[in-house]
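Here are some exercises to work through with the model open beside you. Try each task before you read its solution.

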Amino acid sequence: MDADVPGTVLKRERTRDAVLELIESRSPGDAIPSERALCSLLGVSRPTVRAAVDELVAAGLLVREHGRGMFVAPAKITQELVAGDRSLTVPQAAGAWSSRLLEFTTLQAGARVGRKLRMSPAAEIVYVARLRLVDGAPMAIEHLHIRAELVPGLSAQELENGDLYEHLRATHGVHVHEAVQAIEPTVVTRAEAKLLDVPELSPALLFERLTSDTSGRPVEYVHSLYRGDRYRIVSRLALGPAAEVAPDREGHHPGIPPGDFAHGDAITSSTRGDIQTGA
């Protein structure tokens, strides 16, 4: 993928969402249209459809059967890890984090994102794709979908250098409160491998997060891909009562780079992320 071509990331993202919509409307084992039919249905090229389908096959959501077609994969087994108090302070992570913007635009939410954000598919969202770097090395690809009504005047510079949640708090009075996040293993596609500077099909961690404010209103939907060779998750489980400890609010939360949630808003979670020292 050439990240400098306008719309490339967004086109693949919208195609992926459209195929996901088909998957989520069916049951495990059901067939989905062929790649050729999807090209006609979605009005995109065969390589774009194939890239989206390859990603969903690698993520375990689709199954290809030679000579038969593509089918919805069996449902995944989900295990929830819960800390004793159901909340966790933001842990520390090494390195200097920065961002490189890949795409930044305003568009209609569409069916899938609209459903997650509890808004009309025709309502506007701000779509952002950005590459996250640690000490100058690529670490993750983030796809953010934010209610446009909450961020009037949001600039590309703020997304590269600023703190989105601090911007929401200081400029619009929006206080993020809870982040419900799913994490699962996957592998990177050729396009993602190029951005992350790793071999194709390298292991990765896929984060999917829905962030809500203090009133329970969804604020943003994010899915992020983190390098598996540089990023790991450690679960902290409460096995018994402990002395009261003052929270440390400086640091990093898995899938949420330093800076986000760094100014006092609590989040609900049960996992922590560390950057490994080796590549």
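**Exercise 1. Find which residues have the most contacts inside the largest nonpolar core, and which elements build that core.**

Step 1. A nonpolar core is a set of buried Ala, Val, Leu, Ile, Met, Phe, Trp, Tyr and Cys residues joined through side-chain atoms within 4.5 Å. Buried means under 20% relative accessible area, exposed over 50%, and partly exposed in between, with a 1.4 Å probe and protein chains only.

Step 2. The largest such core holds 22 residues, and Leu102, Ile125, Val188 and Leu196 have the most contacts inside it.

Step 3. Two or more residues each come from α1 (8–24), β4 (97–108), β5 (124–134), α7 (190–196), β8 (203–213) and β9 (218–227). Helices (H or I, at least four residues) and strands (E, at least two) are DSSP runs, numbered from the N terminus. With four residues, β5 gives the most to this core.

Step 4. Separate from it is a second core of 17 residues, with Val126, Ala148, Leu150 and Leu159 among them.

A note on the source: this is a predicted model, in which local features need pLDDT of at least 70 and side-chain atom pairs count only at pLDDT 80 or more, while totals for chains, interfaces and linings use all residues. Residues are numbered from 1 along each chain as its sequence is written, and side-chain values use heavy atoms, with hydrogens and water left out.

**Exercise 2. Work out which face of helix α2 is buried and which is exposed.**

Step 1. In α2 (residues 35–42), the buried residues are Glu35, Leu38 and Cys39.

Step 2. These cover an arc of only 105° around the axis, so they lie on the same side of α2. The arc is that of the directions from the helix axis to the C-beta atoms.

Step 3. Arg36, Ser40 and Leu41 are exposed on the other side of α2.

Step 4. As a reminder, an α-helix has 3.6 residues a turn, so residues three or four places apart point the same way.

**Exercise 3. Give the strand order of the open sheet formed by three strands, and say why β1 and β2 each have one side without a neighbour.**

Step 1. The order is β1-β3-β2, with antiparallel pairing; two strands pair if DSSP finds at least two bridges between them.

Step 2. Because β1 (31–32) and β2 (62–65) stand at the edges with a single partner strand each, one side of each lacks a neighbour in the sheet.

Step 3. Two bridges join β1 to β3 (residues 69–72) in the antiparallel sense, and Ile32 stands opposite Met70 in β3.
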